[in-house]
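Visitor: Could you take me through a close look at one part of this model, and then tie that part to the rest of the chain?

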Amino acid sequence: LVGLDDKGFVVTGEDALRHPSYAEHREGCDYQPLLLETTRPDIFATGDVRCGSTKRVASAVGDGALVVRSMHSALERRLAAAQ
């Protein structure tokens, strides 16, 4: 459902942008992914499943906090598009 790297981890942000499935997953989408956003619009990945994560609890907590902010941005984007 989302782009994975060669080890099976979910790609996010810039890695998602370069992933082969990016164009297919984002057909009709006119914005680049946020930092922890996957190849699918408004789908985020944090913690151990994410490519490039440090596989530590503290990092996963930080990822979670960042995703909350990113989700607010994604919701604002959807509201603006609906108006």
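Guide: Start at His25. Neighbours within four places in sequence aside, His25 is in contact (heavy atoms within 4.5 Å) with Leu1, Val2, Gly3, Thr39, Arg40 and Pro41. This is a predicted model, in which local features need pLDDT of at least 70 and side-chain atom pairs count only at pLDDT 80 or more, while totals for chains, interfaces and linings use all residues. Residues are numbered from 1 along each chain as its sequence is written, and side-chain values use heavy atoms, with hydrogens and water left out.

His25 belongs to helix H2. Helices here are DSSP runs of H or I with at least four residues, strands are runs of E with at least two, and both are numbered from the N terminus. The relative accessibility of His25 is 13%, so this residue counts as buried. Buried means under 20% relative accessible area, exposed over 50%, and partly exposed in between, with a 1.4 Å probe and protein chains only. From His25 to Thr38 is 13 residues along the chain, and their C-alpha atoms are 9.4 Å apart.

Now the loop that follows. Glu37 sits between helix H2 (22-25) and H3. Glu37 is buried, because its relative accessibility is 0%. Beyond four places in sequence, its contacts include Val11, Thr12, Gly13 and Ala16. Arg26, Tyr31 and Gln32 are also among them, as are Asp42, Ile43, Phe44 and Arg77. The C-alpha atoms of Glu37 and Ser70 are separated by 8.1 Å, with these positions 33 residues apart along the chain.

Leu34 lies in the loop between H2 and H3 too. Leu34 counts as partly exposed because its relative accessibility is 23%. Its contacts, again leaving out residues up to four places away, are Gly13, Phe44, Ser70, Ser73, Ala74 and Arg77. Pro20 is 14 residues from Leu34 along the chain, and their C-alpha atoms are 17 Å apart. Asp42 is also in this loop. Its phi is near 65 degrees, a positive value in a residue other than glycine.

One partner of Glu37 deserves its own look: Thr12. Thr12 is in the segment before helix H1 (13-18). With a relative accessible area of 5%, Thr12 is buried. Thr12 touches Leu35, Leu36, Glu37, Thr38, Ala45 and Arg50, not counting residues up to four places away.

Next, helix H3. Its 26 residues run from 57 to 82. At 1.5 Å a residue, they should span 38 Å, and the end C-alpha atoms are 37 Å apart, which agrees. The expected span is 1.5 Å times one less than the number of residues. Asp63, Val67, Ser70 and Ala74 are the buried residues of H3. Two of these, Ser70 and Ala74, are touched by Leu34.

Finally, the whole chain. There are 3 helices and 0 strands, in the order α-α-α from the N terminus. A compact globule of 83 residues would have a radius of gyration near 12 Å; this chain has 13 Å, which agrees. That radius is taken over C-alpha atoms, and the globule rule is 2.2 Å times the number of residues to the power 0.38. Along its principal axes, the C-alpha trace spans about 40 × 30 × 15 Å. Buried residues make up 31% of the 83. Of the contacts with a separation of 6 or more, 41% join residues 24 or more positions apart.
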